[in-house]
Amino acid sequence: MPELPEVETTLRGIRPFLLGETIDDLIIRQPSLRYPVTSGIEQSVRGHAIKEVSRRAKYLQLHLDNGSMLVHLGMSGSLRIIEPNVDWKKHDHIQLKLVSGKALRYHDPRRFGSWLWSDEAHWQLNNLGPEPLSKEFDGDYLYSLSKGRKIAVKAFVMTNSVVVGVGNIYASEALFSTGIRPDRAAGRISRNRYNFLAENIKVTLKNAINLGGTTLRDYSNSAGDPGYFKQELFVYGRSGLPCKTCSNALAESRIGQRSSVFCPKCQV
DNA sequence: ACACTAACCTGCAAGC
DNA sequence: TGCTTGCAGGTTAGTG
């Protein structure tokens, strides 16, 4: 899925079309997603205006006056702004039709995403760590949380209660630019190195956002275009290829069910 | 509290 | 050309 940069790119693309618009209808062709689409959701949203559209972690939230819709793109989801009458492609599951005449179409081959309605706070947003691009996320924060932890540092920064939005691509890339081996125990990294790591996570995410995110296969932005960060990747998806810094072959291992590519020479 | 696994689902690439 | 296997931007539930 989309990690934070892809979700942020999606947010920036759809927000201008949705803000202040009234919902004409919600069409659900496939309610069987990661969680079943909240039943009766159509009646909840029909005729209501979208007051705000925001992002928290990898969730998008459409705020109405009577509640909010929490949308997650899972591993393979994407949202597009289209004309409501365009043909439904395979794996197009949901369409939010606006009175303005435009529509938001949800496409998700693996169906790991979610569309949840609640008239109060969504429990999915509980226990989330800070946003990586916020001021409160820094090296001191990471260092203090990491004390005594034996978990691999890559899995540590991918843990949502530690910091949100950092998935397999950007964790791998930020660890490479910091020169830290992804399998190093989180509790055995110095405060100084965490300062660099936190900074590099921010820089990596910002660069990716500026390039519209990373497109591997499924992801496209709200206009249907891919992101261009893939060409900037140093390690992710490059197992066995030469390191762009030292030209040594990149190595791969598995950390917490995720493939982890790193340079054995540049990362210690 | 922490560390780790299996599971949700479809498509695609690699290997035989 | 098939068929089988394993892996893919995430997250949670369940185990020890």
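Over how many bridges do strand E2 and strand E3 pair, and in which sense? I looked this up before anything else, keeping in mind that the model is predicted.

**Entry: E2, E3 and E4**

I find that E2 covers residues 50-56 and E3 covers residues 59-64, with 6 bridges between them in the antiparallel sense. As a register check I took Arg55, whose bridge partner in E3 is Leu60. The two strands make a hairpin, and 2 residues lie between them. I looked at the turn and noted Ala57, where phi is positive at about 55°.

I then followed E3 onward to strand E4, residues 67-72. These strands also run antiparallel, joined by 6 bridges. The register here can be read from Gln61, which has Leu70 in E4 as its bridge partner. The connection from E3 to E4 is a hairpin through 2 residues.

**Entry: the sheet with E1, E6, E7 and E5**

I traced an open sheet of 4 strands and wrote down its order as E1-E6-E7-E5, with antiparallel pairing. Strand E1 (23-28) and strand E5 (78-82) are the edge strands, each pairing on one side only. From one strand to the next I get an average twist of 15°.

Within this sheet I checked the pair E6 and E7. Strand E6 spans residues 92-98 and strand E7 spans residues 103-107; 5 bridges hold them in antiparallel pairing. Leu96 stands opposite Leu104 in E7.

I also asked which strands helix H1 lies across. Helix H1, residues 4-18, lies across E5 and E7, and its direction is at about 35° to E5.

**Entry: surroundings of DNA strand B**

Which residues surround DNA strand B? I list Lys90, then Pro109, Arg110, Arg111 and Phe112, then Arg149, Lys150 and Ile151, and finally Gly256 and Gln257. Sorting the residues of this surface by type, I get 5 charged, 3 nonpolar and 2 polar.

**Entry: nonpolar core**

I looked up the largest nonpolar core, which has 65 residues. The members that touch the most other members are Val153, Val157, Val166, Tyr170 and Ile201. For background, nonpolar side chains tend to be buried together in soluble globular proteins.

I picked Val153 for a closer look. Leaving out residues up to four places away in sequence, Val153 touches Leu175, Ile180, Pro182, Arg184, Ala186 and Ile189. I note that this contact list includes Arg184, which is of the charged class.

How values were computed
Residues are numbered from 1 along each chain as its sequence is written. Chains are lettered from A and ligands numbered from 1 in the order in which they are written. This is a predicted model: local features need pLDDT of at least 70, side-chain atom pairs count only at pLDDT 80 or more; totals for chains, interfaces and linings use all residues. Two strands pair if DSSP finds at least two bridges between them. Axes are lines fitted to C-alpha atoms, for helices over the stretch in contact, and angles run from 0 to 180 degrees between N-to-C directions. Two residues are in contact if their C-beta atoms, placed from the backbone, lie within 7 Å. A residue is near a molecule or strand if its C-beta atom, placed from the backbone, lies within 6 Å of it. A nonpolar core is a set of buried Ala, Val, Leu, Ile, Met, Phe, Trp, Tyr and Cys residues joined through C-beta atoms within 7 Å. A residue is buried if 20 or more other C-beta atoms lie within 10 Å of its own, exposed if 12 or fewer, and partly exposed in between; C-beta atoms are placed from the backbone.
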